[in-house]
Amino acid sequence: MTTVELMDNLAIFLQAAVADYSTRQPSGKRAVKVYAGYPPARMSADEQASFVYALVTGAQDTDDGDMSTATVEIGFSIYDNSDADDWRSLYNIMEHVRQHLLKHRFVAGRHRLMLPLKFEVPEMQPAPQWQGKITAIYTIGQPYEEDINYG
């Protein structure tokens, strides 16, 4: 159970959580995409992507060596150019994901969410692209120490 596996499993888990969310683009209604790791670079100026990503930003072992954890940034970038209260789209999807994480604390039967979650929205926003993040800590696999025979 590696950090990459955690990102992949979280992306699948989050895709199901945001399946009913979409945004209006100049070209029409588009689904919110979910990425494992870094989201891809934007290659088209005409579309403002709406996406969620799961990125491991650090990992550590516990002092007793019984467990390893990974810190995950669940990032949100939501396009909303509506006339009023366009910022609500970001808060709505972030809160939905936060509640989904709390309801389902095991991901892929392999990673357990450890509380607390941290919910952040920067004051400065590149509107109409609204951004925020949830920071979570998940357990990851801990290998067993192999004995070395010095004899």
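## Talking through the fold

Author: The protein has two helices and eight strands, and since this is a predicted model, everything I say here describes a prediction.

Reader: OK, and what pattern does the protein follow along the sequence?

Author: Read from the start of the chain, the pattern is α-β-β-β-β-β-α-β-β-β. The C-alpha atoms fill a box of roughly 75 × 30 × 25 Å along the principal axes, and buried residues make up 36% of the 151 residues.

Reader: Let's take helix α1, then: how many residues has it, and how far does it reach?

Author: Helix α1 covers residues 3-17, which is 15 residues, and from its first C-alpha to its last it reaches 21 Å, close to the 21 Å expected at 1.5 Å a residue.

Reader: Which residues of α1 are buried?

Author: The buried ones are Leu-6, Met-7, Asn-9, Leu-10, Ala-11, Phe-13, Leu-14 and Ala-17. As a general point, an α-helix has 3.6 residues a turn, so residues three or four places apart point the same way.

Reader: And what does Leu-14 contact, leaving aside its neighbours within four places in sequence?

Author: Leu-14 is in contact with Val-34, Val-52, Ala-54, Ile-74, Val-97 and Leu-101, once those neighbours within four places are set aside. Leu-14 also belongs to the largest nonpolar core, which has 33 residues, and together with Phe-76, Leu-101 and Tyr-138 it is among those that touch the most other members.

Reader: Which helices and strands each supply at least two residues of this core?

Author: Those elements are α1, β4 (51-61), β5, α2 (88-103), β7 (111-120) and β8 (129-140). In soluble globular proteins generally, nonpolar side chains tend to be buried together.

Reader: Back to the helices: how do the axes of α1 and α2 cross?

Author: Their axes come within 10 Å and cross at roughly 120 degrees, and α1 and α2 are therefore oblique to each other. In this crossing, which is right-handed, the contact is made by Phe-13, Leu-14 and Ala-17 of α1 with His-96, Val-97, His-100 and Leu-101 of α2.

Reader: New topic, Thr-69: is it buried or exposed?

Author: Thr-69, which is found in strand β5 (residues 68-79), has a relative accessible area of 11%, and because the cut-off for buried is under 20%, Thr-69 counts as buried. Not counting residues up to four places away in sequence, Thr-69 touches Gly-58, Ala-59, Gln-60, Met-114, Ile-137, Tyr-138, Thr-139 and Ile-140.

Reader: What about the loop between β4 and β5, where Gly-65 is found?

Author: Gly-65 counts as partly exposed at 35% relative accessibility, and although Gly-65 and Pro-143 are 78 residues apart in sequence, their C-alpha atoms are 9.5 Å apart in space. Thr-62 is found in that loop between β4 and β5 too, is partly exposed with a relative accessible area of 28%, and has its C-alpha 9.9 Å from that of Gln-142, 80 residues away along the chain.

Reader: Last one, about the backbone: which peptide bond leading to Pro-116 or Pro-128 is cis?

Author: Both are: the bond from Leu-115 to Pro-116 is cis, with omega near 10 degrees, and the bond from Ala-127 to Pro-128 is cis, with omega near 10 degrees. Pro-116 has its place in strand β7, whereas Pro-128 is in the loop between β7 and β8. Also on the backbone, Asp-85, in the loop between β5 and α2, has phi near 55 degrees, a positive value in a residue other than glycine.

Methods
Residues are numbered from 1 along each chain as its sequence is written. This is a predicted model: local features need pLDDT of at least 70, side-chain atom pairs count only at pLDDT 80 or more; totals for chains, interfaces and linings use all residues. Side-chain values use heavy atoms; hydrogens and water are left out. Helices (H or I, at least four residues) and strands (E, at least two) are DSSP runs, numbered from the N terminus. Buried means under 20% relative accessible area, exposed over 50%, partly exposed in between (1.4 Å probe, protein chains only). Contact means heavy atoms within 4.5 Å. The expected span of a helix is 1.5 Å times one less than its number of residues. A nonpolar core is a set of buried Ala, Val, Leu, Ile, Met, Phe, Trp, Tyr and Cys residues joined through side-chain atoms within 4.5 Å. Axes are lines fitted to C-alpha atoms, for helices over the stretch in contact, and angles run from 0 to 180 degrees between N-to-C directions. Angles under 35 degrees count as roughly parallel, over 145 as roughly antiparallel, 65 to 115 as roughly perpendicular and the rest as oblique. A crossing is left-handed if the near helix is turned anticlockwise from the far one by less than a right angle, and right-handed if clockwise.
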